Every structure is written in structure tokens, then in C-alpha cells.
Amino acid sequence: MSSEVLDRSLILDAVRVTEAAAIAAWKLAGRGDEIAADQAAVDAMRTALNELAVDGEIVIGEGERDEAPMLYIGEKVGKGGKAKIDIALDPLEGTTLTAKAMANALAVMAWAPKGTLLNAPDTYMDKIACGPGYPAGVIDLDKSPADNVQALAKAKGVNPSEITVCILDRPRHAEIIASVRSVGARVHLITDGDVAGVINTADPETGIDLYVGSGGAPEGVLACAALKCVGGQFQGRLVFRNGDERARAARVGITDLDKKYDLHEMVRADAIFAATGVTKGALLDGVRVAGGFIHTHTLVMNSATGTVREVRMKRPL
């Protein structure tokens, strides 16, 4: 099954899917309409998926069926084929970023053999992540941010002051920020886009060593698919604010509401991850038009081979 899912042609198809969503969203960048930009990306991604020779099911999508008319959890996509896959997607990670033409908006998708991606409910998740090259267990969600910074610094052979931690800029993270700064580490605040925030820990050029904080659980699965391809560590625990969110978890089969998941429990088989830049960011360049051509920049990764490709597409307008 894994070899079928990770066929070279399907990897290229993944690139085409995220490219289509990114271009559609980019056309509405800076126009102040988050809903329209997101809908354009959803429409384009769904159309592209339905052109593929796969038997796909959305396990991480735009929401439950009564909330999302397209790319809802449980929706079947593709024309059918031997490859039976789970699909996790965010057609536009960074709707606000796109509406304001700010950096780091992405179109993101991951897929893996059917039944191997965590069907995470649309709730928050406490997360911690670091890149590859560290001993197993170097980070722990149950330890304080300060303790995790010190453990990572020790493993890296540097002073905590040389560690940079990426955190979503939210009032709920005030204590995390204070804990990180208490040991002298740098805090890199982002306004949106925690999939990119987690992935940045695996790219030395970003300067990000650690990601800490709470964000969407579905985005956690997408980020884990990327880390699965390049190495790194991740732990997450679902956060439930009310009975409705606990009911969401029950509907997708989650019974242990306090479970601490690691990367390989969230993505249980080889996976493909693709992300195309909508607006220019630390990870990818955004869509741009020059000389009568449209240009895109995509990162596509295959955990079966550990391959990471940067794909730059140029086509006439």
C-alpha cells in the first residue's frame, strides 16, 4: 500500500494540487476578504483532487459536513484507483495573512495510506516540536517551556540564549513566552500559520529551534506529516473547552481525551507532504507574476525516501 501511495507520479500530483489552491488564493491577496480567499483555495484544491486517479478520503479538512460544503471530513475525492489514501489538507493556511497580503500564507496537503492519519477533531492542541538530530525524548510536553529550552540547548551544545522558540502571538501564550525568556532564549512571534511554524524547526536556515504553544489540532497532523519526512520530534495533546468539542472527538473515534500523542502516533505510515507558498515567507516564496508568466514555489516531501524537493513552476498567464 505504501509504495502505491508514494508513487512518483502521485508526488507530482500533490504539487499540482497545492499549486492550484495557492494560485487561486493569491488572486485575492490583499483584498481584505478572508472568506473569499479561503473559498477560492477550497474550490481549486477540490477540483484538482477530483482529477486524480486515487480513492481518497478527507480526514483533516474544512470541518464537519454540516459546517463545510466542500472538503469536509469524510468527503470522498479522486476518480478512483488502486491508491486508497487518507488526505489531510488546509487549502489556505493563513486566511488573515492572505487577506492582508502578509507573509507566510500557504496551501498545504498531506496524504498517507488509508487509516494511518490521526482523524483529529477541530479543537485546539497543545504542541511542542523540534527538528532532527536530537536524542529521542529531548522535548516533553509535560515539562515547562524553560526546561525544554534548557534540554534542547544542552543537546545542541549551546547556551539557552542561542535557542530561538517560535510561538503564536496570542494572549493565551503569555506564560509560555515568559517561561522561555526567563532562561534567556529568544522568542519569535508569529501572527498566524503554525504549520509553517512547526516545519521551520526542521530547517536550519529559518533559525527556529523549537515550537511551543496551542493551535489547531488538524494543523498538528499536517505539521507531523512534514516532520515525518525530514525528521524531528513532536508531541501534542488535545484541548477541550466544552462539551461540544468533546463530542467532536467522540465522533471521530477518540476515547482517551488526555492522551499525549507523538509524531508517529499521529502519522502512522509513510506520508507525502506538499506546501505551496501563497505569500512570500520564511519557508517558501509566494505566487508572483512576471513577464507574462505566473510563478510558484512548492516544497514536497516523501517520508519513504526522506526526499525533500523544491519545485518552481513557471507557466504562461
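The largest nonpolar core of this predicted model has 46 residues, of which Val108, Val198, Tyr211, Phe234, Leu238, Met266 and Phe273 touch the most other members. A nonpolar core is here a set of buried Ala, Val, Leu, Ile, Met, Phe, Trp, Tyr and Cys residues joined through side-chain atoms within 4.5 Å, and buried means under 20% relative accessible area, with exposed over 50% and partly exposed in between (1.4 Å probe, protein chains only). Helix α8 gives this core its largest share, nine residues, where helices (H or I, at least four residues) and strands (E, at least two) are DSSP runs, numbered from the N terminus. Both domain 1 (9–115 + 271–316) and domain 2 (124–266) contribute at least three residues to this core, the domain bounds coming from an automatic or database domain assignment. Apart from this core lies another one, of 38 residues, which includes Ile11, Ala37, Trp111 and Ile272. In soluble globular proteins, nonpolar side chains tend to be buried together.

Residues are numbered from 1 along each chain as its sequence is written. The model being predicted, local features need pLDDT of at least 70 and side-chain atom pairs count only at pLDDT 80 or more, whereas totals for chains, interfaces and linings use all residues, and side-chain values use heavy atoms, with hydrogens and water left out.

Phe273, one of the core residues with the most partners, illustrates how the core is connected. Leaving aside neighbours within four places in sequence, Phe273 is in contact (heavy atoms within 4.5 Å) with Val108, Met109, Ala110, Val195, Ile199, Leu222, Ala225, Ala226, Cys229, Leu299, Val300 and Met301.

The division of the protein chain into domain 1 (9–115 + 271–316) and domain 2 (124–266) also frames the pockets. The centres of the two domains, taken over C-alpha atoms, are separated by 23 Å, and their contact takes 23 residues from domain 1 and 20 residues from domain 2.

Pockets were sought on a 1 Å grid over the protein atoms alone, a pocket being an open set of points where a 1.4 Å probe fits, with protein on both sides within 12 Å along at least five of seven lines, and lining residues having an atom within 4 Å of a point. Grid points are joined across faces, edges and corners, and a volume is the space filled by probe spheres set on the points. The largest pocket holds about 700 Å³ of space, and of its 29 lining residues Asp90, Leu92, Gly94, Thr95 and Glu219 are the closest to its centre. At least two lining residues come from each of β1 (55–60), β3 (84–93), α4 (95–99), β8 (210–216) and α8 (217–230), with β3 giving the largest share, four residues. Domain 1 and domain 2 each supply at least three residues of this lining. By class, the lining of the largest pocket has eleven nonpolar, eight polar and ten charged residues, where Ala, Val, Leu, Ile, Met, Phe, Trp, Tyr, Cys and Pro count as nonpolar, Asp, Glu, Lys and Arg as charged, and the others, Gly among them, as polar.

The second largest pocket encloses about 290 Å³ and is lined by 15 residues, with Asp203, Thr206, Leu283, Leu299 and Glu310 nearest its centre. Its lining receives at least two residues from each of β13 (293–302) and β14 (307–316), and β13 gives the most, three residues. Nine residues of this lining are nonpolar, two polar and four charged. Because domain 1 and domain 2 both give residues to its lining, the second largest pocket lies between them.

Some individual positions complete the picture. Leu71, in the loop between β1 and β2 (76–77), has a positive phi near 55° although it is a residue other than glycine, and at 0% relative accessibility Leu71 counts as buried. Ala101, in the loop between α4 and β4 (106–113), likewise has a positive phi, of about 55°, without being a glycine, but at 49% relative accessibility Ala101 counts as partly exposed.

Pro145 belongs to helix α5 (residues 145–156) and is buried, with a relative accessibility of 16%; not counting neighbours within four places in sequence, Pro145 is in contact with Ile176, Ser179, Val180 and Val212. Arg246, in helix α9 (residues 243–251), is partly exposed at 39% relative accessible area, and beyond residues up to four places away in sequence Arg246 touches Phe240 and Leu257.
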